[in-house]
Amino acid sequence: MKSFMDKNFLLNNNTAEVLYHDYASQMPVIDYHCHINPAEIMENRRFDNITQAWLGGDHYKWRLMRAAGVDERYITGDATDREKFQKFAEILPMCIGNPVFHWTHLELQRYFECDLIINGDTAGQIWNITQEKLKKDSLSVRGIIASSNVQAIGTTDDPLDSLDWHKALRRDPKNNVVVSPTFRPDKAINIDKPDFVDYIIKLGEVTGNSIHTVDDLKVALLNRIEFFSEMGCRASDHGLDYIVFRSTDDTTIESIFQKSLDGQSLSENEVESFKTNLMLFFGREFARLGWVMQLHYGAMRNNNEPKFKLLGPDTGFDAISTRECSQAIASFLNALESESKLPRTILYSLNPNDNAMLVTIMGCFQDSGMSGKIQHGSAWWFNDTKVGMEQQISTLANSGVLGTFIGMLTDSRSFLSYTRHEYFRRILCNLLGELVERGEYPANIDILGEIVKDISYRNAARYFGYEIRE
């Protein structure tokens, strides 16, 4: 029996051990998609306790606590931080097989040099150990980033954002990590949402131009796109309920927009037509600027209406949607490809049943002049489990070219989540090692090592235009 989470955790063969320890483990981290606050990097935030570092804003952990019957007071309520941590520690042993069980112990080991097993009995001791460790410079936000070997971070930012914190970080001579904004224009696309008109008004105010037509809207959005580009933006991100494609003439799009400004309800066809028009506009502009376009879809959001009204979005009440949109994805990519304006694109579905479909669609739109132009994004959200990552990697290997994969991201609001890159790299090395051990791939460690380095780091660095450092 193997020891719990020892140095060869998840590495179940000799080849995997060599690939991880000699090749993957030393690679820098390109965390190209996350939800951390750049202000906390600039201000070098220090956490008062482990609850602030672990449980604040982490809906992964909140869902587990609710499922175990913990009262909301100890999750998002007014209980003390010590009480919240105690409740989390008490339920964690029940989460056998859940990645959060692995992630928290990895974080405890890597950042706090603590090998204790988290449970109700050890909670007090762990609280005290982490309390002392958090006083050290190495566990300030910048200290965590440095010790995690992070080279670059892609935040997620609304077009209205002033990007003042990004400006400050760019000017700060003590900042050694590239922090790039990512353009997330969901609110400008979601014409079916109740706050759409208010958002358009704000967009006009920020850009100094009133928005009365679709052309006005696109001028305003282009203004923000150019500003983001000046601030070092390398990518967009789009959180879509499902991917649409309903091509419509400009006159009809204008009529739909005017109906929305007048407060009239829109049909599903009208909503999809407007969203298609805006997404094609964005794709053309991103191709012109050389940005990466990330498409996240498949989330069924805010399913518990009473809790949504009480706690708001992104608090743990979302689920996987099964809505089928393969034809729309192919049609959208084809429309841009037909104009020679298809940007580098990453496709992420929250539904793991879409893995094979996405890999085969992206294979239709690759470019002979660019390695891995269209990417199947890493296992996302409910799928960044051990099994979810194995399935995503295996599907890509079976139907695509695994060696071009740009690898892992945290998609997190926590600075301690960089261990997810380690988790991914261990799983990757184990899968490659299994192929070798079964005689399905030559035992050429030099070639395998280069593949591991590429997927762990170099492919993402090239894809997003960062300097390769090893």
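## Strand 6 and its pairing with strand 5

Glycine 239 stands opposite histidine 296, a residue of strand 6. The model described here is predicted. Strand 5, residues 235–240, and strand 6, residues 292–297, are paired in the parallel sense through 6 bridges. Two further positions illustrate this register: aspartate 237 faces glutamine 294 of strand 6, and leucine 240 has tyrosine 297 as its bridge partner in strand 6.

Which residues point to either side of strand 6? Val292, Gln294 and His296 are directed one way, while Met293, Leu295 and Tyr297 are directed the other way, and all are buried. Strand 6 is accordingly described as mostly covered, with 6 of its 6 residues buried.

## The open sheet

Strands 5 and 6 belong to an open sheet of 5 strands with parallel pairing, arranged in the order 4-5-6-9-10. Strand 4 (182–183) and strand 10 (374–376) occupy the edges; each has a single partner strand, so one side of each lacks a neighbour in the sheet.

Strand 4 runs parallel to strand 5 and is joined to it by 2 bridges; threonine 182 has alanine 235 of strand 5 as its bridge partner. Strand 6 is joined to strand 9, residues 344–349, by 6 bridges, and these two strands also run parallel. Within that pairing, methionine 293 is matched with threonine 345 of strand 9.

## Burial of strand 5

In a regular strand, side chains alternate between the two faces of the sheet. Strand 5 is covered on both faces: Ala235, Asp237 and Gly239 lie on one side, Ser236, His238 and Leu240 lie on the other, and all are buried. Because 6 of the 6 residues of strand 5 are buried, this strand is largely enclosed by the rest of the structure.

## Nonpolar core

The largest nonpolar core contains 147 residues, among which Phe282 and Ile329 touch the most other members. With neighbours within four places in sequence set aside, isoleucine 329 contacts Ile243, Tyr297, Leu347, Met357, Leu358 and Ile361. Of these contacts, Tyr297 is also a residue of strand 6 whose side is buried.

## Aromatic residues

The structure holds 23 aromatic pairs. One of them joins phenylalanine 282 and phenylalanine 286 in a stacked arrangement, with 5.7 Å centre to centre and 5° between the planes. Why are these two residues separated by about one helical turn? They are 4 residues apart in helix 14 (residues 268–289), and therefore about one helical turn lies between them. Phenylalanine 282 is buried, with a relative accessibility of 0%, and phenylalanine 286 is likewise buried at 0% relative accessibility.

Both phenylalanines are members of one aromatic cluster, formed by Phe183, Phe227, Phe228, Phe281, Phe282, Phe286 and Trp291.

## Arginine environments

Arginine 224 is located in helix 12, residues 214–230. Is this arginine buried or exposed? With a relative accessibility of 7%, arginine 224 counts as buried. Apart from residues up to four places away in sequence, arginine 224 touches Pro159, Leu160, Asp161, Ser162, Phe183, Leu203, Val206 and Thr207. Among these, serine 162 is 62 residues from arginine 224 in sequence, yet the C-alpha to C-alpha separation is 9.7 Å. Another of the contacts, Phe183, is a member of the aromatic cluster.

Two other arginines lie over aromatic faces. Arginine 73 is placed over the face of tyrosine 74, at 5.2 Å from the ring centre. Arginine 344 is placed over the face of tyrosine 463, at 5.6 Å from the ring centre.

## Cysteines

How many disulfides does the model contain? The count comes to 0 disulfides. A disulfide is a covalent bond between the sulfur atoms of two cysteines, and the cut-off applied is a pair of cysteine sulfur atoms within 2.5 Å.

For cysteine 233, the closest cysteine sulfur is that of cysteine 34, at 13 Å, which is too far for a bond. Cysteine 233 is buried, with a relative accessible area of 6%. For cysteine 325, the closest cysteine sulfur belongs to cysteine 364, at 15 Å, and this too is too far for a bond. Cysteine 325 counts as buried at 5% relative accessibility.

Notes:
Residues are numbered from 1 along each chain as its sequence is written. This is a predicted model: local features need pLDDT of at least 70, side-chain atom pairs count only at pLDDT 80 or more; totals for chains, interfaces and linings use all residues. Side-chain values use heavy atoms; hydrogens and water are left out. Buried means under 20% relative accessible area, exposed over 50%, partly exposed in between (1.4 Å probe, protein chains only). A nonpolar core is a set of buried Ala, Val, Leu, Ile, Met, Phe, Trp, Tyr and Cys residues joined through side-chain atoms within 4.5 Å. Contact means heavy atoms within 4.5 Å. Two strands pair if DSSP finds at least two bridges between them. Rings of Phe, Tyr and Trp (its six-membered ring) pair if their centres lie within 6.5 Å; planes under 30 degrees apart count as stacked, over 60 as edge-to-face and the rest as tilted. A charge sits over a ring if NZ of Lys or CZ of Arg is within 6 Å of the ring centre and within 35 degrees of the ring normal.
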